[in-house]
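Student: I would like to go through the charged pairs and one helix contact in this model. Please give the reasoning before each value.

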Amino acid sequence: MEPINLRSDTQTLPTEQMFEAIKRAPLGDDTADEDPTVQKLESMAAEIMGKEAALLVISGTMGNLVSLMAHGHAGDEVLLDRESHIFYYECGSLAGVAGLMPMPLDSEKGMLDPDHLQGAIRHGNMHHPVPRLLCLENTHNRSGGRVMPLELHRSLCAVAKEHGLAVHLDGARIFNAAICEGVEARFFAQDVDSLMFCLSKGLSCPLGSVVVGSRSFIEKADWARKRIGGGMRQAGVIAAAGIVALESMIDRLEDDHRHARVLAEGLLEIPGLDVDLESVESNMVLVDHSGTDMAHEALMERLSKAGVLVSSRPPHHVRFVTNRHHDSDTITEALIRVKAALS
Ligand SMILES: Cc1ncc(COP(=O)(O)O)c(C=O)c1O
């Protein structure tokens, strides 16, 4: 039995068109600004996001890190959600590499509160670190792909600006968020100083993320990338797939969202499983399995034996993520297997 892999959108494989584009891409030494394919991708990304410039990096984590390094000086304070990817999953690079001081904030399933943010920004006291940056994340990974509405995004940016803070958006899945909000991704880029989005994940590239911002910001980020060993040579092999992704893989993310909803509704009907349908907005489904009375590891093993691979969110949750390798038959089959595994 072929397993159905619903662990993540990071599991996607490159498309045939990407392999073809990689084979044909004109290449050069990108560290000397001589790779035409990288330059094409970076101009496309800047144009799509309505920013002056863009920088290709290896990963989302690297994109966030070089952005933080470009925004702050050692000891500066960064305000961010305590459940954000930067705070939770990036090995402490915010402090350990960029030298910045995190000020973790509570959020309601990834949604920061503008009044709470306002109260958390400390000013005018030499005992405190200098508040420098607000980080946002959209869609929000740990809350199960929740979308921060554009209006809330704008309110949070306005509070940050009022206090002289820059804003960085971890938009690893910003195209998913934009589709859900029914706007172009550039609307989310408008009010922020930097935005990172991933070419991997739902867009299916084998690797690569892009940071966008003003020209002077991208110059600093480029320097930071070089400093941490992220300068690349014939990086057009990465950019070529990225160009295909930007040209042809964005609109289809809507299919992943539709499949996630069908999956969520089906999972909710299985005894012992609970899904907050309201929070299923993009391509992720967080499932609470407390009602099965099974230990987390035992449940993960049952699902795996039944040919359904999911991510573990202990102690009581598992996460299903849809991607381009799933169609409606795959979702139906996954539901049959989960039901059988838990009955
Ligand atoms: C919201 C978010 N930001 C950043 C990243 C990091 O991306 P990468 O795995 O390419 O380093 C991820 C990865 O899943 C993510 O979900």
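**Salt bridges and a helix pair**

Tutor: At 28% relative accessibility, Glu281 counts as partly exposed. The model is a predicted one.

Student: Which residue forms a salt bridge with Glu281, and how far apart are the closest N and O atoms?

Tutor: Glu281 lies in the loop between helix 12 (253–268) and strand 9 (284–288). Its partner is in the loop between strand 5 and helix 7 (150–162), so the pair ties together parts that are 135 residues apart in sequence. That partner is Arg146, and the closest N and O atoms are 3.2 Å apart.

Student: Is Arg146 buried or exposed?

Tutor: The cut-off for buried is under 20% relative accessible area. Arg146 has a relative accessible area of 17%, so Arg146 is buried.

Student: Where do Glu77 and Arg122 lie, and how many residues apart in sequence are the parts that they tie together?

Tutor: Glu77 forms a salt bridge with Arg122, with 2.7 Å between the closest N and O atoms. Glu77 is in strand 3 (residues 77–81), while Arg122 is in the loop between helix 6 (114–120) and strand 5 (131–137). The pair therefore ties together parts whose separation in sequence is 45 residues.

Student: What is the relative accessible area of Glu77?

Tutor: Its partner Arg122 is partly exposed, at 27% relative accessibility. Glu77 is buried, and its relative accessible area is 1%.

Student: Why are Arg24 and Glu20 separated by about one helical turn?

Tutor: The two residues form a salt bridge, with the closest N and O atoms 3.9 Å apart. Arg24 is exposed at 61% relative accessible area, and Glu20 is partly exposed at 35%. They are about one helical turn from each other because both are in helix 1 (residues 16–24), at a spacing of four residues.

Student: Which residues are linked in a network of salt bridges with Glu20?

Tutor: The structure holds 19 salt bridges. Glu20 belongs to a network of them, and the residues linked with Glu20 are Lys23 and Arg24.

Student: At what angle do helix 13 and helix 14 pack?

Tutor: Helix 13 covers residues 296–305 and helix 14 residues 328–342, and their axes are 9 Å apart. Helix 13 is oblique to helix 14. The packing angle is about 130°.

Student: How do the residues of the contact of helix 13 with helix 14 divide into nonpolar, polar and charged?

Tutor: Helix 13 contributes Leu299, Arg302 and Leu303, and helix 14 contributes Val338, Ala341 and Leu342. The division is five nonpolar, no polar and one charged.

Definitions and conventions:
Residues are numbered from 1 along each chain as its sequence is written. This is a predicted model: local features need pLDDT of at least 70, side-chain atom pairs count only at pLDDT 80 or more; totals for chains, interfaces and linings use all residues. Side-chain values use heavy atoms; hydrogens and water are left out. A salt bridge is a side-chain nitrogen of Lys or Arg within 4 Å of a carboxyl oxygen of Asp or Glu. Helices (H or I, at least four residues) and strands (E, at least two) are DSSP runs, numbered from the N terminus. Buried means under 20% relative accessible area, exposed over 50%, partly exposed in between (1.4 Å probe, protein chains only). Axes are lines fitted to C-alpha atoms, for helices over the stretch in contact, and angles run from 0 to 180 degrees between N-to-C directions. Angles under 35 degrees count as roughly parallel, over 145 as roughly antiparallel, 65 to 115 as roughly perpendicular and the rest as oblique. Contact means heavy atoms within 4.5 Å. Ala, Val, Leu, Ile, Met, Phe, Trp, Tyr, Cys and Pro count as nonpolar, Asp, Glu, Lys and Arg as charged, and the others, Gly among them, as polar.
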